[in-house]
Amino acid sequence: MGGRLLRGLLLLLLPPPPLRVRLRMHSLECVQPSKRPRRSLMAPPRIGTHNGTFHCDEALACALLRLLPEYQDAEIVRTRDPEKLASCDIVVDVGGEYDPQRHRYDHHQRSFTETMSSLSPGKPWQTKLSSAGLVYLHFGHKLLAQLLGTSEEDSMVGTLYDKMYENFVEEVDAVDNGISQWEGEPRYALTTTLSARVARLNPTWNQPNQDTEAGFKRAMDLVREEFLQRLDFYQHSWMPARALVEEALAQRLQVDPSGEIIELAKGGCPWKEHLYHLESGLSPPVTIAFVIFTDQAGQWRVQCVPKELHSFQSRLPLPESWRGLRDEALDQVSGIPGCIFVHATGFIGGHRTREGALSMARATLAQRPALIPPSPPLIQ
């Protein structure tokens, strides 16, 4: 009671506040402020794809989208109902429509013939795109920049974008579109590809429960993990190896005057692909024949460069008389003390020291048959 009387006396004694302040006080007392809507209460974006039997391409497309911040909480809507698909923010692998402006990424329509090369001029790949390839084409640079913690303008993003398509996504595109890897009958069956493993997550024909929802979630987890593992390898192993090969090529004349032998600062790095790519820019032009490096035991290896990236034939194999020999027997035949072995096919050999490995490479170069220049044409 006394408190109310005291407040009343104070209001009578104090001058009234300005009109603007009084209006504000009145509004605060009478009107509750509207609460700002929380993001967690907003409906998450919806990614639409088809239901039923699932395949690697839409599993990968959905998994890649969910790696982006704007789709990380997206609901996956698996249906073929046009009305339900129309309500989705983005639709992949269903709907018979390719319209990137409206985020519709299907490849099954008869009119669709797009490839990475046709949609991204300058890219060499001419495999018809699946929903995975379409999502990667339109979101790949942004996704990789996000995962790598850099900007889309970073040259590493462009390099790894191409690498991940050529060595991961293109295979999914080809398998889903029924494009064979080779002409004629294969010599053996490939049954453990990513697409094959995703397919096996579907219910078998004779399982009582034919629900595919749980299997599709497992498929997305599978392809997501493999995509991230591959990207991690290329970022932290493949890219640093490129720098080692660049340095080795720059120092090749200090290793041997021929310029045909390079020395890697660290053994075990994946060097072949980088060598083929960088070798074409050497000046003066030269074809590298041997790579020397240390193995895990600290001993030295001399490895012949293959004729092609995936070839088992060497540009210049170690001498036939050395092949299959070891230790003292190899020392006697080669005339180089300290040899460890030469493989039976001659593609690689070992020595205890750097100088010994270098001597094995130099001796092979010296024994190389001389190129016979073509005879001038006879003048009649």
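**Helices H6 and H7, and the core around them**

H6 passes H7 in a right-handed crossing, meaning the near helix is turned clockwise from the far one by less than a right angle. Helices here are DSSP runs (H or I, at least four residues), and strands are E runs of at least two, numbered from the N terminus.

A word on the source. This is a predicted model: local features need pLDDT of at least 70, side-chain atom pairs count only at pLDDT 80 or more, and totals for chains, interfaces and linings use all residues. Residues are numbered from 1 along each chain as its sequence is written, and side-chain values use heavy atoms, with hydrogens and water left out.

Back to the pair. The axes of H6 and H7, lines fitted to C-alpha atoms over the stretch in contact, come within 10 Å and cross at roughly 140°, on a scale from 0 to 180 degrees between N-to-C directions. That makes H6 oblique to H7, since oblique covers whatever is not under 35, over 145 or 65 to 115 degrees.

Now the core. The largest nonpolar core (buried Ala, Val, Leu, Ile, Met, Phe, Trp, Tyr and Cys joined through side-chain atoms within 4.5 Å; buried is under 20% relative accessible area, 1.4 Å probe, protein chains only) has 53 residues. Leu65, Tyr136, Leu144, Leu160 and Phe227 have the most contacts inside it. H6 gives the most to this core: 10 residues.

Which residues does Leu160 touch? Tyr136, Leu144, Leu148, Leu231, Tyr234, Gln235, Trp238 and Met239, not counting residues up to four places away in sequence. Contact means heavy atoms within 4.5 Å.

Apart from this core lies another, of 21 residues, among them Val302 and Cys339.

Technical notes:
Buried < 20%, exposed > 50% of the residue type's maximum accessible area, 1.4 Å probe, protein only.
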